[in-house]
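Trainee: I would like to go through this structure term by term. Please set each value against its definition.

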Protein chains: 2
Amino acid sequence: MDQLLFWLVPAASVLALCFAWYFHRQMMKESEGTPQMVKIAAAVRKGAMSYLRQQYKIVGWVFLGLVILFSIMAYGFGVQNSWVPIAFLTGGFFSGLSGFLGMKTATYASARTANAARNSLNAGLRIAFRSGAVMGLVVVGLGLLDISFWYLLLNAVIPVDVMTPTHKLCIITTTMLTFGMGASTQALFARVGGGIYTKAADVGADLVGKVEAGIPEDDPRNPATIADNVGDNVGDVAGMGADLYESYCGSILATAALGAAAFIHSGDTLMQFKAVIAPMLIAAVGIILSIIGIFSVRTKENAGMKDLLNSLAFGTNLSSVLIVVATFLILWLLKLDNWVWISCSVVVGLVVGIVIGRSTEYYTSQSYRPTRKLSESGKTGPATVIISGIGLGMLSTAIPVIAVVVGIIASYLFASGFDFANVGLGLYGIGIAAVGMLSTLGITLATDAYGPIADNAGGNAEMSGLGEEVRKRTDALDSLGNTTAATGKGFAIGSAALTGLALLASYIEEIRIGLTRLGTTDIFVGGEAVSVQDATFFDFMHHYDVTLMNPKVLSGMFLGSMMAFLFCGLTMNAVGRAAAHMVDEVRRQFREIKGILTGEAEPDYERCVAISTKGAQREMVVPSLIAIIAPILTGLVFGVPGVLGLLIGGLSSGFVLAIFMANAGGAWDNAKKYVEEGNFGGKGSEVHKATVVGDTVGDPFKDTSGPSLNILIKLMSMVAIVMAGLTVAWSLF
Amino acid sequence: MDQLLFWLVPAASVLALCFAWYFHRQMMKESEGTPQMVKIAAAVRKGAMSYLRQQYKIVGWVFLGLVILFSIMAYGFGVQNSWVPIAFLTGGFFSGLSGFLGMKTATYASARTANAARNSLNAGLRIAFRSGAVMGLVVVGLGLLDISFWYLLLNAVIPVDVMTPTHKLCIITTTMLTFGMGASTQALFARVGGGIYTKAADVGADLVGKVEAGIPEDDPRNPATIADNVGDNVGDVAGMGADLYESYCGSILATAALGAAAFIHSGDTLMQFKAVIAPMLIAAVGIILSIIGIFSVRTKENAGMKDLLNSLAFGTNLSSVLIVVATFLILWLLKLDNWVWISCSVVVGLVVGIVIGRSTEYYTSQSYRPTRKLSESGKTGPATVIISGIGLGMLSTAIPVIAVVVGIIASYLFASGFDFANVGLGLYGIGIAAVGMLSTLGITLATDAYGPIADNAGGNAEMSGLGEEVRKRTDALDSLGNTTAATGKGFAIGSAALTGLALLASYIEEIRIGLTRLGTTDIFVGGEAVSVQDATFFDFMHHYDVTLMNPKVLSGMFLGSMMAFLFCGLTMNAVGRAAAHMVDEVRRQFREIKGILTGEAEPDYERCVAISTKGAQREMVVPSLIAIIAPILTGLVFGVPGVLGLLIGGLSSGFVLAIFMANAGGAWDNAKKYVEEGNFGGKGSEVHKATVVGDTVGDPFKDTSGPSLNILIKLMSMVAIVMAGLTVAWSLF
C-alpha cells in the first residue's frame, strides 16, 4: 500500500508536465498580432535566449570545476559518496531547464497577451495566467521528477549490507541533497545574473529615458528598452524559475532527510520510509490541487478588475484549503505515526506563509497607509523618500519574523508530540511546514510568473503603438499580479527560513556519515563514548560544543551575518556599475544618433542588450563563488561549530535582510505608482520625481539582492552538507 | 601591594576630573568674540540646555518606573540583589552627567574657537581640542569614580559568610553590572533622542535651506540653523558622551565580572581579586597616558593643516604605544597568572581597533577610491548615489568583521593558554581586549568630541558674518577631526562587539546567582547532577541546552536579528517624521515672514528649536522601551536559551548593521564634500545635488540609527543580566 502510494509522486510530476505542455500549446495557437508586434517579440526572445546561452556557458564552467572537485573527493579520497558528482549535475540541469522553459513560454506569450488585451482584459488575463502556469507546472513537475528518479535509483543501487536498514534511507536522502546543491548553485547564478541584467537595463533605461529625456516607460525611442524587456524575462522569469525549483526541491529533500534521521535509532524501517515519502506525497497532491486551482480561474467575458482579482484569489485560496484537507487525508492513509499533529505542522506552515504574504501586502501595497505615507514623503524630496522607505522596510521585518518564530515553535511542538527533547521529529515538523507552504507552488508560481509576462506585453504594446487602452489593460494585469504575487513571495521567503533550519539537521546527519566513512566509531559526550551510529543531535552538539559560548560558534555567526551584507553589497554595486555603463551608452546614442528622439532614426537596441549581457556575466561570478567558498573555508578553519555558526548567522541575518530589502523595494515601486495614479501632484510633479528615485533604488533591492539572499542562505547550507566529509576528514587529519 | 595598586584607580579618576576642570577653566578665560557671537552662542546654549532638561525629565520617569520594578523584585520577591535599584540609578546619573558636562563645555567653547580661529588655525585647534579633552576626561574620570565607589562599597557591605569567598567577588562584580545597565539606559535615550533632534534639524535645514532656497549651510536666514547647531551639541556631544561612558564602564565591568567568574572554582581569592582589578588598572593607567597624550598635542604658531594632523595623530599614537608597554608592566607588577599572554590579548584589542579605524577611514574618506567613486556615481543622479552608497556600506562590513573574528579567537586563545576548553579565561581575554581598545578613551574621545565643537564654531562664524577665512579654518578643523575620529569610532564599534560577548558570560553568572538565591542547588548535565556553585559555563550551556539545534535558541536568534532592524526602522522613521515637521515650519516661515531671505527680518529660531525638542522627545520613547522590554519578554517566553539566542542574534546582526550604516553615512557625507572641493562640477552642479541627497540620507544612518545600535546591543545584554533572576524564578515557577 505504502509502496503503491509512492508512485503517486512520479505520476503527479508527469501530470504536471503534461498540463504544462497543454497550456503551452494552447498559448502558441493564439495570434502574435501585427508584424511590428511579432518583430519586437522576436527581438526580445533573441536577446533573452542569447543571454541565457552565455549564462549557461559560465555556469557550465563553474559546474565543471565543482564536479571535478567532487570527483576527486569521492573517487580519490573517499570522503564523499560516489553518486554526489552526478546528482549535483542533474540538480543544476533541471533547475536551469525550469528557468529556460518558463522563459521560452514567457517570450512567446507576451505579444500574444498584448494582442489579446486589444479585445478585452479577460482575454489578456487568460493567456498571461495560463502561460505563467506553464512555468509553475514545469517547476513542480521537473522537481518531483528529479526527486522520484534519484530516490528510485539510489534505492536500487545502494547496498543494504554496509549498514543497518535505517541507515540506508539516511544515506539515500542525504545524497539526494547533493542535487539540491546543484539546483541552488544554478539558481544563485540565475538570480544574481538575471537580477543584475534586468536592473542594469531597467535603471539605465529609467535614468536617461524617464528622468533626463522625459520619455515614457517602454518608449521605442529609448535604446535600452529592448534590453529592459529582455531583462524582465531573464531576471523575473528565468531567474525566478530556477530559484523556486531550488526552494521546492530543497524543502522536500531536507524534510525527507529529517524523516530518515528521526527514525534512525528506532529500527522501524517502515515508519522511516513513511516519514521520508510524506513530504513527497504532500507535494504530489499539491500538484493535482494546483491544476484544479488553475482551471478554476475563469471569468465571464468583459469581467472588471475586481472580478479578475476575485477569480485569481479564488484559485489560490481553493488550492490552499484543499491542501489542508488533503494533507490530513494522505497522512492518515499513510498511517504515519502522530499523523494528526504532523498534519497540523503542515497547516502551521501554510498559515505562516499567508501571514507573511498579508504583511508584505500591507507594507507594500498602495492600498494601505505605509506606502501612501511613503508617497507623501516625496513632498520633501528624494532624500526623505529614501529615509522613509528604508524605515518602512526595516519595520516590516517584525511581523514576518514573529510569524516564523511562532511557526518554528508550533510546528516543532506539534510534530515532536509536545516534547522539546524530541529534536528529530521536532525538526521534521519544521521541515514539513516548509513543504506545506510550497506544496501548491504550481498555482502560486503561476500568479507570480504572469506578472512579468503582462509587463512585457505592456512593453510590446507601447513599442508597437497599440494605444492607451491596451497599455492600460496590461498595466492593470501587471498590478493585479503584484497583489496576488504577495502571497507567493511570502511562501518563498518563509519556506527559505524553515528549510534553512531543516538543512542544519541534515548537516549533522552528513557529519555522522562522514565520520562513519572515515572509520570513526565513537564520539565523546561529557567524557563518555557514544557510538557515532547511535548518537543523537544533542550528542553531536555536545561533542563538537556547538553552544553559544564557543568562540568558534560566535565567530562563525559574525561571519554569517557579514556574508549576508557582503553578498548584498556586491550585488548592489554590480547593478550600480552595470547601470552606469548602460546610462553612458544610452546618452551616447541620444547624442550621436541624430533623430532618435523625434522618432526618425532607430536606436541601436542590440548594443544595450550586449552591455547588459556582458555586465551581468562579469558581475555574477564573484558573489556566487563567495557563497560557495565561505562555508568550505569556515569548515577548514573553524570546523563543525564554525560552520553551524556561519549557517545560523547567515540564516537569521539574511532572512531579516531579505525581507527588509524586498519590502522596501516593493513599497518604493508602489509609492511611485500611487503618485502616478494622480496623487500628490501625479506624473511629472516634483513628488513624482522624488518617488522615481525611490523606485530606482528599490529595483536592485527587490529584484537582485533581496531574492538572491534566499538562495544564498540555502546554498551555503547545501555546500556545507556536501562538504561535510571534507570538514570531518580535515579536522581528524 | 595589590590592595595598594587598586588605589591607583580612584586616584586616576580624580586626576582625570582635575585636568578636565583645568582645561575647562583655561577655555573659559578666552574671549567669546563680538557681541553677535556671544548672542548666538547663548542662543545655542539655551536651546541645548532646555532640550537636555526635557530629555532628563522623560528619562527620569523611565528610571522611576524601572527602579520601582527593581525594588519590587529585590525587596518584594527577593529575586534580585538589594543594591540593584541604587546602583542602577548612579549609572544613569553619571552617564547623564558626562553628557551634560561635555555639552556645557562644548557650548561655551564654540564661539571661543571661532574667535581664536580669527587669529590662526592653530589657536582654534588648541581651544577646540582642549575642550574636547574636557569631555574625554570627564567620561573616563566619572566612569572610574563610579566603578571604584561601588567596588569599595559592595566589598564593605556584602557579608562573606553567605558563600565562599570566591563567590563574594562574583556577586560584587555582577551587581556592579547593574549600574552599567543604568548607564546604558541613559545612553540609549541620549543617543536616540539627541540623534533624532540633530538629524531632524539638520535634514530640515538642508532640505529647505540648501536645496530649495539655495542658501548656504548655517546661513542666519535659515530658521532651522540655531536648531541645527543645538542638535550638534545634544546629539554629537551629549549623546556621544553618554554613549562612551556606557561603553567604557561596560567593558571594564564585564571584564571584571569575567575575571571573578574565571577563578570561582579555584578558591584562589587573591588571583581572582587580581583578575578583577586588572581591567580597572589598565583603564587607570590609560587615563594618565591620555593626559600625557593630550599635552603632547602642541604645534608651532602658524602651523599648516599637515602639521596639525601630525600633531593630533602623534598624541593618539603616543598613548596607544605607551599603553601597550604599560599593560605589560602593570600586569607584571600585579603578578597576574599568565600575564604575558593576557597582555597580548590587550594588544590584540588595540590592533583590532586600529584595523577597524583604518578600514573606516579607507571606506569613508574622500582621499580613497571608494568615496571618490561614490561621488562619481552622482553623474547619473541621486538614485545611483544611494545604490552605490548602500553597496559601499555593505561591502565595508567585511574587514571589521574579519578583524573582530580574528580578535575574538586570538584574545581567547592567548588568555586561555591556547586551550579552547578554558572558557572562563578565554572569555576574560575577549573582555580585556575590549578594555584595551577603550583604555585611552580620554584622548581618543577628545579627538572625536572636538569635531562638533569646530562644526559649531563654523556655524557661529557664519552667522556672525566673520568672513570666508574663518569659516575655512573651522571647516579645516572639522574635517581634520573627521579623520582622527575614525580610529576612535573604530574603537567604539569594535569594543561594543567584544563587550557584548563578554556580557553573555556575565549573564550566565547572574543565572548562577539567581538559582542560588532561589535555593536551587543542582543543575543536570546529561542526567547527572552538578552543583550550581561548581557548574562551568559548559555545564550551564548543556543544562539549558543552549545549542544551535534548540528551537528556542533559534527563535531567539531570529528575534535578535529582527530587533536590530526594527530598532533602526523606528529611529529612521522618527527622523523622517520630525524632519518633515521641520521642513513644514521652515517653509511656513519663508512664506509668512516677509524679508527673511533678504536679511531684513529675523526668522523665528525658537519655533524650530521647539519642534526638534518635541519631536525628539516624542519619538525616542518607543524604540528605547522596546530595547528594554524585548529581553524581558523573551526571557519569560523562551527562558535562558531564548535570551542567549536573542542577545547573540542581536549582537551579530546589530554589529554588522551598525558598521554598514555608519560607513555608508560617512561615505555619503564625504562624497558630498569631495564634490564641494570642486570635483565633478563642484558646488551647485547636478552631481553636487545628487550627493546632497546621499548626505541627507546618510545623516540618520551615521548619527542616529548606526551609533544607537552599539548601545542597543549592550543594553539588551544588561537588561537580560539584571532580569536574570526573574527569568530563573519564572521558569522554576
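Mentor: Start with pairing: two strands pair if DSSP finds at least two bridges between them. Strands (E, at least two residues) and helices (H or I, at least four) are DSSP runs, numbered from the N terminus. The model is predicted, so local features need pLDDT of at least 70 and side-chain atom pairs pLDDT 80 or more, while totals for chains, interfaces and linings use all residues. Residues are numbered from 1 along each chain as written, chains are lettered from A in the order written, and side-chain values use heavy atoms, without hydrogens and water.

Trainee: How do you know that β1 and β2 of chain A pair?

Mentor: Strand β1(A), residues 522-525, and strand β2(A), residues 528-531, share four bridges in the antiparallel sense. The rule asks for at least two, so they pair. One of the partners is E528(A), which bridges to V525(A). Two residues lie between the strands of this hairpin, and G526(A) takes a positive phi near 60°.

Trainee: What is found for β1 and β2 in chain B?

Mentor: Residues 522-525 and 528-531 of chain B pair in the antiparallel sense over four bridges. There, F524(B) stands opposite A529(B).

Trainee: What makes residues of chain A and chain B count as being in contact?

Mentor: Contact means heavy atoms within 4.5 Å. By that rule, 77 residues of chain A are in contact with 77 of chain B. The two chains bury about 6,700 Å², 85% of it on carbon and sulfur atoms. Buried area is the accessible area (1.4 Å probe) that two parts lose on being put together, summed over both. M549(A), F558(A) and F565(A) supply 13% of what chain A buries against chain B, more than any other three residues.

Trainee: How many salt bridges cross the interface of chain A and chain B?

Mentor: The rule finds zero between these chains. It requires a side-chain nitrogen of Lys or Arg within 4 Å of a carboxyl oxygen of Asp or Glu. Over all chains, the structure holds 56 salt bridges.

Trainee: Why is the pair D695(A) and K672(A) called a salt bridge?

Mentor: The closest N and O atoms of D695(A) and K672(A) are 2.9 Å apart. The limit is 4 Å, so the pair qualifies. D695(A) lies in helix α20(A) and K672(A) in helix α19(A), so the salt bridge ties together parts 23 residues apart in sequence.

Trainee: What relates chain A to chain B?

Mentor: A turn of 180° with a shift of 0.0 Å along the axis lays chain A on chain B with an RMSD of 0.0 Å. That is the relation of a two-fold axis. The superposition is by least squares on C-alpha atoms of residues with pLDDT of at least 70 in both copies. In chain A, the C-alpha nearest the axis belongs to T547(A), 2.2 Å from it.

Trainee: How do you know that the copies meet through the same surface?

Mentor: Of the interface residues of chain A, 100% are also interface residues in chain B, so the surface is the same.
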